[in-house]
Amino acid sequence: MTALIIVLCIILITIVLVQIGRVTELTAQIKGEREVMRDSSKWNGWISLGFLVVFLVSVFVSAWHYKNEMLGYGPHAAASQHGGALDSMFNLTLIFTGIVFVLTHIALFWYAYKYRWRENRKAEFIAHDNRLEMIWTAVPAVVMTFLVVRGLDAWNTVMADVGSDEDYIEIEAIGQQFNWIIRYPGSDGKLGARDYKLTSANNQVGQDFTDRKNWDDVIVGQEMYLPVGKKVRVRIIAKDVLHNFYLPQFRVKMDAVPGMPTYFVFTPIKTTAEYRNELRKYPEYNEPYDKADPTGPKRWEKFEYELACAELCGKGHYSMKRILRVVSQEEFDAWYKNEPSYYVSQIRGKDDDPNKGKVLDIDPVEVPQPADQDTTKKEPTK
Ligand SMILES: [Cu+2]
């Protein structure tokens, strides 16, 4: 239906334009070419000026109106240590390009008005102007150099890897169609070895279970947790096609490329609860979370940090969303302690276990029970 209306509109506009052309031709024949040219040139000049004003005002009004929603200001403050550096790069670029945008549009439409056709006016012929060329070469060169140098500096800071003596937690994000597999290193703090050839239905990550570093590794469910204030290094891997590890509130965004591991290091500085409290200040977050339930919780109360895939990776792309909770170190430890090791809970003793039949030091110690204390033969109590 919408398409039909659009097609009809286009046809109607074309007919109107053709008719206007005919009317102009007829009036030209009646009034004489020069008079018509003077009139239409005058009108075009004024229309250019009017368009300039309406256009610039709408650009500024809409930019201001949608600044939170579409430009990422207001409630979208960075929740990571490096986020501020990237945000200020965006702001600087927006300021410079904004100035150029406004100046070029004023020049474009103002000159269209100023140099409209007039009788007895001849165009000036300028073959060359050294001063003008110097200005329009030097000014963009200086601005570009400034932006590129600042950008490189920010890039080097943001992309710096962790030092060997630093305290950090390393996790692994493996993108596949269509979910993220998130692996934590367990109590030893080290992720176990992987080999893609070991990938199977029960071993989606291709963990090498002969490597004891894998024995305590945890594969987390829909919700992942991170402690606030602690550096996190994420190993980013793709199993099939390009994905992108994207944590918008943390300004973390890195491609997951098949066959080419990438990484991102960041430090969350605001817990989920703190971020919710900040959102509370904004009217758009004080609307009901569920529009059908106006008395229910507000949007800020239900806010969660989100891990998304930012590379269109197929028709299930949208379902790669995961929830990230940033909590205090104590809350994190309490959560982490209860997350079962994938090896122990899913693999140990089964056919896929390369250590089957061997006794490992992680196996539960069996305490022999004296015969008279054997509880298994007791009648169940009613
Ligand atoms: Cu994806």
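A crossing is called left-handed if the near helix is turned anticlockwise from the far one by less than a right angle, and right-handed if clockwise. Keep that in mind for the first exercise. This is a predicted model, in which local features need pLDDT of at least 70, side-chain atom pairs count only at pLDDT 80 or more, and totals for chains, interfaces and linings use all residues. Residues are numbered from 1 along each chain as its sequence is written.

**Exercise 1. Describe how α2 packs against α3.**

Step 1: find the elements. Helices (H or I, at least four residues) and strands (E, at least two) are DSSP runs, numbered from the N terminus. Helix α2 covers residues 33-65 and helix α3 covers residues 83-114.

Step 2: take the geometry. Axes are lines fitted to C-alpha atoms, for helices over the stretch in contact, and angles run from 0 to 180 degrees between N-to-C directions. The two axes lie 7 Å apart, at an angle of about 160 degrees.

Step 3: name the arrangement. Angles under 35 degrees count as roughly parallel, over 145 as roughly antiparallel, 65 to 115 as roughly perpendicular and the rest as oblique. α2 and α3 are therefore roughly antiparallel to each other. The crossing of α2 past α3 is left-handed.

Step 4: list the contact, where two residues touch if their C-beta atoms, placed from the backbone, lie within 7 Å. From α2 come Gly45, Trp46, Ser48, Leu49, Phe51, Leu52, Phe55 and Leu56, and from α3 come Val102, His105, Ile106, Phe109, Trp110, Ala112 and Tyr113. Sorted by type, the residues of the contact of α2 with α3 are 12 nonpolar, three polar and no charged. (Ala, Val, Leu, Ile, Met, Phe, Trp, Tyr, Cys and Pro count as nonpolar, Asp, Glu, Lys and Arg as charged, and the others, Gly among them, as polar.)

**Exercise 2. Do the same for α1 and α2.**

Step 1: helix α1 spans residues 2-31, and its axis comes within 7 Å of that of α2, crossing at roughly 130 degrees.

Step 2: α1 and α2 are therefore oblique to each other.

Step 3: α1 contributes Thr24, Thr27, Ala28 and Lys31, while α2 contributes Glu33, Glu35 and Val36. In the contact of α1 with α2, two residues are nonpolar, two polar and three charged.

**Exercise 3. Trace the sheet that contains β1.**

Step 1: write the order. Two strands pair if DSSP finds at least two bridges between them. This open sheet of five strands reads β3-β2-β1-β5-β8, and its pairing is mixed.

Step 2: find the edges. β3 (218-219) and β8 (262-266) each have a single partner strand, so one side of each is left without a neighbour in the sheet.

Step 3: walk across. β2 (residues 179-184) runs antiparallel to β3, joined by two bridges, and Arg183 stands opposite Ile219 in β3. β1 runs parallel to β5 (residues 231-238), with eight bridges; here Ala173 stands opposite Ile236. β5 then pairs with β8 in the antiparallel sense over five bridges, and Ile236 has Thr262 as its bridge partner in β8.

**Exercise 4. Trace the sheet that contains β9.**

Step 1: five strands form this open sheet in the order β4-β10-β9-β6-β7, again with mixed pairing. The edge strands, pairing on one side only, are β4 (223-227) and β7 (252-256). From one strand to the next, the twist averages 25 degrees.

Step 2: β6 (residues 243-247) and β9 (residues 305-309) pair antiparallel over two bridges, where Tyr246 has Ala308 as its partner.

Step 3: add the helix. α6 (residues 329-337) lies across β4 and β10 (322-327), at about 140 degrees to β4.

**Exercise 5. Are Ser62, Phe178 and Arg251 buried or exposed?**

Step 1: set the scale. A residue is buried if 20 or more other C-beta atoms lie within 10 Å of its own, exposed if 12 or fewer, and partly exposed in between; C-beta atoms are placed from the backbone.

Step 2: Ser62, in helix α2, has 11 such neighbours and is exposed.

Step 3: Phe178 sits in the loop between β1 (168-176) and β2 and has 17 neighbours, which makes this residue partly exposed. The peptide bond from Gln177 to Phe178 is cis, with omega near 0 degrees. Leaving aside residues up to four places away in sequence, Phe178 touches Gly314, Gly316, His317, Ser319 and Met320.

Step 4: Arg251, in the loop between β6 and β7, has 23 neighbours and counts as buried. Its phi is near 55 degrees, a positive value in a residue other than glycine.
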